[in-house]
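Opening the notebook on this one. I want to look up a few local spots first, then the overall layout.

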Amino acid sequence: MTQRRRRLLLTLLWAVALLSGSLVMGDVLRAGREERANRQLAEQVRGREARRSTPELPGGPRAEGEERPPKYAASGVLYQYDPLWQQNPDLAGWLTIDGTQLDNPVMFTPDDPEYYLRRGFDREYARSGSLFVSEGCTEQGNHVLIYGHNMRNGTMFGELDAYQSQEYAQAHPLIRFDTLREERVYQVLAVFRSRVYWQEERGVFRYYQYADLSSRESFEEYVAQVKRAALFDTGVEAAYGDELLTLSTCSYHTQNGRFVLVAVRLRDGGG
């Protein structure tokens, strides 16, 4: 190899390295921006929630004669979520798991179910996307199926697969999912690994086709298959008449893998 070719090859290698480095740095910066944007939304919600629920304002007592805000805003939406709903009426609720980073809005666009797959709350492009409700779910239904990306920095559903550990599940048994009008608490029923199946495959559990559990048959079939697929027994049961919450994210145990958590609403768990 001539000296000229060596220099050319070295120049190309440096160019590739610089391009790769800039792309990685761009991803890191973008992830940071998206994480900060979601954290600001959560801080806004938690601030309004504290204002409504505590005897004193954060940082000091209430002014004389100042009353706590009502539970509901004039719109009929829960006080803590009303400003965000006013900004974006695609907001369907809020999902939180104490002791984790998960503290995010949940979006719902029934006419275009995956609209928020790569969009943030502001509807702008976001690699991490937003949590969103599956097609086929309804506000009056007994099942909410929510999708979210498994982000490496732990945001969105990036920590969800920690529930593969029974000890972790026991330490984080409760999930709060508020709709715009109800504060709800759910308890983990089961977790399992799955994947997106080919159309011709038979005898498999396509959990993502069970958004509607309004009939007793579909409900009991779904719960039975969830329990059969479960990685371990949580000791929690569900019966027709209960309300279920399913959280789904990507998993890398197999091609097109999915990790799924199913929870049942506590009858006395808020709302």
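**Entry 1: Y252 and the turn**

I started with Y252, which is exposed, its relative accessible area being 67%. This is a predicted model, so I'm reading everything below as computed from that prediction. Y252 sits in the loop that links β7 and β8. I also checked its distance to R195: the two C-alpha atoms are 9.7 Å apart, although 57 residues separate Y252 and R195 along the chain.

The loop belongs to a hairpin made by β7 and β8, with five residues between the two strands. I looked at the backbone there and found that N256, in the turn, has a positive phi of about 55°.

**Entry 2: strand β8**

Next I followed the chain into β8, residues 257–265. Which strands does β8 pair with? β7 (residues 244–251) pairs with β8 in the antiparallel sense, over eight bridges. β6 (residues 185–195) also pairs with β8 in the antiparallel sense, over nine bridges. I picked out one bridge on each side: R258 in β8 partners C250, and V262 in β8 stands opposite A190.

Is β8 enclosed or open? Eight of its nine residues are buried, so β8 is largely enclosed by the rest of the structure.

**Entry 3: the core**

I then went to the largest nonpolar core, which has 63 residues. The members that touch the most other members are L95, I146, Y163 and I175. A general note to self: in soluble globular proteins, nonpolar side chains tend to be buried together.

I listed the contacts of L95, leaving out residues up to four places away in sequence. L95 touches L102, D103, N104, V106, L131, F157, I175, R176, F177, L245 and L247. I175 is thus on this contact list and also among the core members named above.

**Entry 4: T179**

T179 lies in strand β5. Buried or exposed? T179 has 11% relative accessibility, which is under the 20% cut-off, so T179 counts as buried. Leaving out residues up to four places away in sequence, I found T179 touching L78, Y81, A92, G93 and R184.

**Entry 5: empty space**

I looked at the second largest pocket and noted a volume of about 310 Å³. It is lined by 16 residues, and L91, A92, F108, T138 and E139 are the closest to its centre. β1 (91–96) and β5 (174–179) are the elements that give two or more residues to this lining. By class, the pocket lining has ten nonpolar, two polar and four charged residues. A92, one of the residues closest to the pocket centre, is also a contact of T179.

How many cavities of 30 Å³ or more are there? I count one. The largest cavity has a volume of about 50 Å³. Its lining is I97, T100, L102, M156, F157, G158, E159, L160, Y163 and Y168. That lining divides into seven nonpolar, two polar and one charged residue. L102 and F157 are in the cavity lining, and L95 touches both L102 and F157.

**Entry 6: overall layout**

Last, the whole protein. I noted four helices and eight strands, running α-α-β-β-β-β-α-β-β-α-β-β from the N terminus on. Of its 271 residues, 44% count as buried. For contacts with a separation of 6 or more, 58% come from residues 24 or more positions apart.

Notes: Residues numbered from 1 in each chain as written. Predicted model: local features only at pLDDT ≥ 70, side-chain atom pairs only at ≥ 80, totals over all residues. Heavy atoms only, no water. Core = buried A, V, L, I, M, F, W, Y, C linked by side-chain atoms within 4.5 Å. Buried < 20%, exposed > 50% of the residue type's maximum accessible area, 1.4 Å probe, protein only. Contact = heavy atoms within 4.5 Å. Pairing = 2+ DSSP bridges. 1 Å grid on protein atoms, 1.4 Å probe; cavity = no way out; pocket = protein on both sides within 12 Å on 5 of 7 lines; lining within 4 Å. Points joined across faces, edges and corners; volume = space filled by probe spheres on them. Nonpolar A, V, L, I, M, F, W, Y, C, P; charged D, E, K, R; others polar.
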